[in-house]
Amino acid sequence: MSEPYASSPIFDEQTLPDALRNDHRTKVGTWGLLRVLEGEVRLIFTEPHTEHLVTPDTPAIIPPQATHYVVPVGAMRMQVEFWRERPDLSKGPVNG
């Protein structure tokens, strides 16, 4: 079974770095999985422009090299997992 090869620290609305609040992208071949542990965030892709509300019940997949940024919606805690292939969310929660 596939699993993430790395995870970010857990960030809240105060500690979320500017790098994640502004346009950025994953490396070639790296998938991201945005998990919200508490609260909610908006995940915004810039090309094409789409927005996703991410909650503890609805993690979001970030394709390799997709330009995106995160906007906290009030108090929140979140973490990003990094995968070598597209995460399969049908298998239920995957926790580091």
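This is a chat about strands, a few single residues and the largest pocket in a predicted model.

Me: Hi! Before I dig in, what kind of model is this?
Reply: Hello! The model is a predicted one, so keep that in mind as we go through the strands and side chains.

Me: Sure. Let's start with the strands. What does β3 pair with β6 through, and in which sense, parallel or antiparallel?
Reply: Strand β3 covers residues 31–46, and 13 bridges join it to β6. The two run antiparallel.

Me: Which residues could I click on to see that pairing?
Reply: Try Arg 35, whose bridge partner in β6 is Gln 79. Another pair to click is Arg 42 with Val 71 in β6.

Me: And where does β6 sit in the sequence?
Reply: Strand β6 spans residues 68–83.

Me: What about the short strands at the start of the chain?
Reply: Strand β1, residues 6–7, is joined to β6 by two bridges, and the pair runs antiparallel. Within that pairing, Ala 6 has Phe 82 as its bridge partner. Strand β2, residues 11–12, also pairs with β6 in the antiparallel sense, over two bridges. There, Phe 11 stands opposite Met 78.

Me: Back to β3. How many bridges join it to β4?
Reply: Six, with the strands running antiparallel, and β4 is residues 49–54. The two strands form a hairpin with two residues between them. To find your way around it, look for Ile 44, which stands opposite Glu 51 in β4.

Me: Over how many bridges do β3 and β5 pair?
Reply: Three bridges, in the antiparallel sense, with β5 made of residues 60–62. Gly 32 in that pairing stands opposite Ile 62.

Me: Nice. Changing topic: where is Asp 12 found?
Reply: Asp 12 is in strand β2. Its relative accessible area is 26%, which makes Asp 12 partly exposed, since that value falls between the 20% and 50% cut-offs.

Me: What does its side chain reach?
Reply: The side chain of Asp 12 reaches the backbone nitrogen of Thr 15, at 2.8 Å. Beyond its sequence neighbours within four places, Asp 12 is in contact with Met 76 and Arg 77.

Me: How far is Asp 12 from Ala 60?
Reply: Their C-alpha atoms are separated by 17 Å, and the two residues are 48 apart along the chain.

Me: Is there another Asp to look at? Where does Asp 23 lie?
Reply: Asp 23 lies in the loop between α1 and β3. With a relative accessible area of 49%, Asp 23 is counted as partly exposed, because exposed means over 50%.

Me: What is Asp 23 in contact with, leaving aside neighbours within four places in sequence?
Reply: Thr 46, Thr 67, His 68 and Tyr 69. For Thr 67, the C-alpha to C-alpha distance from Asp 23 is 6.0 Å, although 44 residues separate the two in sequence.

Me: And Thr 30, buried or exposed?
Reply: Thr 30 is buried, at a relative accessible area of 6%. Thr 30 also belongs to the loop between α1, residues 18–21, and β3. Not counting residues up to four places away in sequence, Thr 30 touches Tyr 5, Ile 62, Pro 63, Pro 64, Phe 82 and Trp 83.

Me: I was wondering about Glu 81 too. Buried or exposed?
Reply: Glu 81 is buried because its relative accessible area is 1%, and buried means under 20%. Glu 81 lies in β6.

Me: Which side chain does it make a polar contact with?
Reply: The side chain of Glu 81 makes a polar contact with the side chain of Trp 83, at 3.2 Å.

Me: Last topic, pockets. How much space lies in the largest pocket?
Reply: About 190 Å³. The pocket is lined by 17 residues, and those closest to its centre are Leu 20, His 24, Thr 26, Val 80 and Phe 82.

Me: Which strand gives the largest share of that lining?
Reply: Strand β6, with five residues. β3 and β6 each supply at least two residues.

Me: How do the lining residues divide by character, for setting up a probe?
Reply: They divide into 10 nonpolar, five polar and two charged residues.

Me: Great, thanks!
Reply: Happy to help!

Notes
Residues numbered from 1 in each chain as written. Predicted model: local features only at pLDDT ≥ 70, side-chain atom pairs only at ≥ 80, totals over all residues. Heavy atoms only, no water. Pairing = 2+ DSSP bridges. Helix = DSSP H or I, 4+ residues; strand = E, 2+ residues; numbered from the N terminus. Buried < 20%, exposed > 50% of the residue type's maximum accessible area, 1.4 Å probe, protein only. Contact = heavy atoms within 4.5 Å. Polar contact = N/O pair within 3.5 Å; in protein donor to acceptor, adjacent residues only side chain to side chain. 1 Å grid on protein atoms, 1.4 Å probe; cavity = no way out; pocket = protein on both sides within 12 Å on 5 of 7 lines; lining within 4 Å. Points joined across faces, edges and corners; volume = space filled by probe spheres on them. Nonpolar A, V, L, I, M, F, W, Y, C, P; charged D, E, K, R; others polar.
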